Amino acid sequence: MTFTHAITRRPVKELAAGITTSILGPPDYIKALDQFNAYVNALKQCGLSVTVLDPLDGYPDAHFVEDAAVVTPDIAVITNPGAAPRKGEVPSIAAALQPFRKIVWVQPPGTLDGGDVLMVDRHFFIGLSDRTNEQGARQLGDAVTGFGCTWTPVRVAAGLHFKSSVNAVGSDTLLTTQPFADHPALAGFHRIVISAQEEYAGNTLWVNGHLIMPTGFPDTRKKLETLGRPIIELDTSEFRKMDGGLTCLSLRF
Ligand code: CIR
């Protein structure tokens with residue numbers, strides 16, 4: 001699938017106040033901004049026109065825009081994020097997507113984070129996690145089924161979201177962490193399995209034939225090089241401190 005647009009959001013100064021389970025210490029705002037700018041440039045390099053939204057006051061996780069919506073070729077599904085402090089992020093994302101897609105809203109008690117949703121062509125894997133419940137997954141599944149897409153729920157046992165562990169790196173190839181290496185839900189796809197010490201690199205982004213991966217994961221890089229696609233490495237250290245990574249920082253469509 002070719003993407004033409006991305007929506008991103010610059011982080012607030014207080015990004016260290018976001019939710020995290022990491023023990024890597026607080027992120028540095030200036031460094032985070034540099035890393036964010038490099039990310040936006042990489043998306044442009046992949047041919048996308050990038051919207052950069054203003055920081056959202058009071059929402060220190062709002063630059064992880066991926067969680068607030070799922071954009072398909074047909075609709076934009078605005079989520080009901082599973083973490084209470086993030087629920088107020090969605091109106092501004094809905095406004096940003098309004099010019100591009102018909103908007104559909106996930107309704108409580110359904111909860112859904114975009115980080116749990118992996119779209120591969122017209123199939124959706126929807127992770128069931130601490131953030132995404134069965135009602136939320138079903139609401140998204142029903143919405144996309146109405147446009148001829150298919151979906152499968154997948155239980156997420158480790159990591160924050162499904163895409164913390166599994167991402168597409170080609171139309172028939174998934175990059176996965178070891179627990180998903182033989183997962184029956186992923187049958188039919190080639191799998192590149194990451195070594196246990198490089199799990200964070202599972203959050204690699206495939207955009208218009210390019211692979212954007214985090215720096216510092218040489219073994220995964222070697223495995224990805226076999227695909228013969230251009231690879232862009234980006235430092236995501238400050239976002240990792242807040243449990244975030246490359247896919248989280250944009251909505252691509
Ligand atoms: C959170 O816990 O919600 C944020 N600190 C991190 C969100 C990362 N989002 C993503 O992986 N899609």
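Me: Happy to start with the cavity: by class, what makes up the lining of the largest cavity?

Reply: In this predicted model, the lining has five nonpolar, three polar and five charged residues. The lining comprises 13 residues, and Phe64, Arg86, Leu160, Met242 and Asp243 lie nearest the cavity's centre.

Me: What makes this space a cavity, and how many of 30 Å³ or more are there in the whole structure?

Reply: A cavity is a set of points where a 1.4 Å probe fits but cannot get out. The search of the whole structure finds one cavity of 30 Å³ or more. About 100 Å³ of space lies in the largest cavity.

Me: Where does the ligand sit, and what would make one say so?

Reply: The ligand sits in the largest cavity. The test is that more than half of the ligand's atoms lie within 2 Å of the cavity's grid points.

Me: Good, now the shell. Which residues around the ligand come nearest?

Reply: There are 14 residues around the ligand, and Ile19, Asp61, Asp67, Arg86 and Met242 come nearest. By class, the shell divides into five nonpolar, three polar and six charged residues.

Me: Why is the approach of Ile19 to the ligand called a polar contact?

Reply: A polar contact is a pair of N or O atoms within 3.5 Å. A backbone N or O atom of Ile19 lies 2.6 Å from a nitrogen atom of the ligand, so the pair qualifies. Asp67 qualifies through its side chain, with an N or O atom 2.8 Å from a ligand nitrogen. For Met242, a polar backbone atom is 2.8 Å from a nitrogen atom of the ligand. Taken alone the ligand exposes 350 Å², and the protein buries 98% of that.

Me: How do you know that the peptide bond joining Pro108 and Pro109 is cis or trans?

Reply: Omega is about 10 degrees, and the bond is cis. Pro109 lies in the loop between strand E5 (102-105) and strand E6 (117-120).

Me: And what makes Asn208 worth a look?

Reply: Its phi is near 45 degrees, a positive value in a residue other than glycine. Most residues other than glycine have a negative phi. Asn208 is found in the loop between strand E12 (205-207) and strand E13 (210-214).

Conventions. Residues are numbered from 1 along each chain as its sequence is written. This is a predicted model: local features need pLDDT of at least 70, side-chain atom pairs count only at pLDDT 80 or more; totals for chains, interfaces and linings use all residues. Side-chain values use heavy atoms; hydrogens and water are left out. A residue is near a molecule or strand if one of its heavy atoms lies within 4 Å of it. A polar contact is a pair of N or O atoms within 3.5 Å; within protein, one must be able to donate a hydrogen and the other to accept it, and residues adjacent in sequence count only if both atoms are side-chain atoms. Accessible areas come from the Shrake-Rupley method with a 1.4 Å probe; for residues, only the protein chains shown count as cover. On a 1 Å grid over the protein atoms alone, a cavity is a set of points where a 1.4 Å probe fits but cannot get out, and a pocket is an open set with protein on both sides within 12 Å along at least five of seven lines; lining residues have an atom within 4 Å of a point. Ala, Val, Leu, Ile, Met, Phe, Trp, Tyr, Cys and Pro count as nonpolar, Asp, Glu, Lys and Arg as charged, and the others, Gly among them, as polar. Grid points are joined across faces, edges and corners, and a volume is the space filled by probe spheres set on the points. Helices (H or I, at least four residues) and strands (E, at least two) are DSSP runs, numbered from the N terminus.
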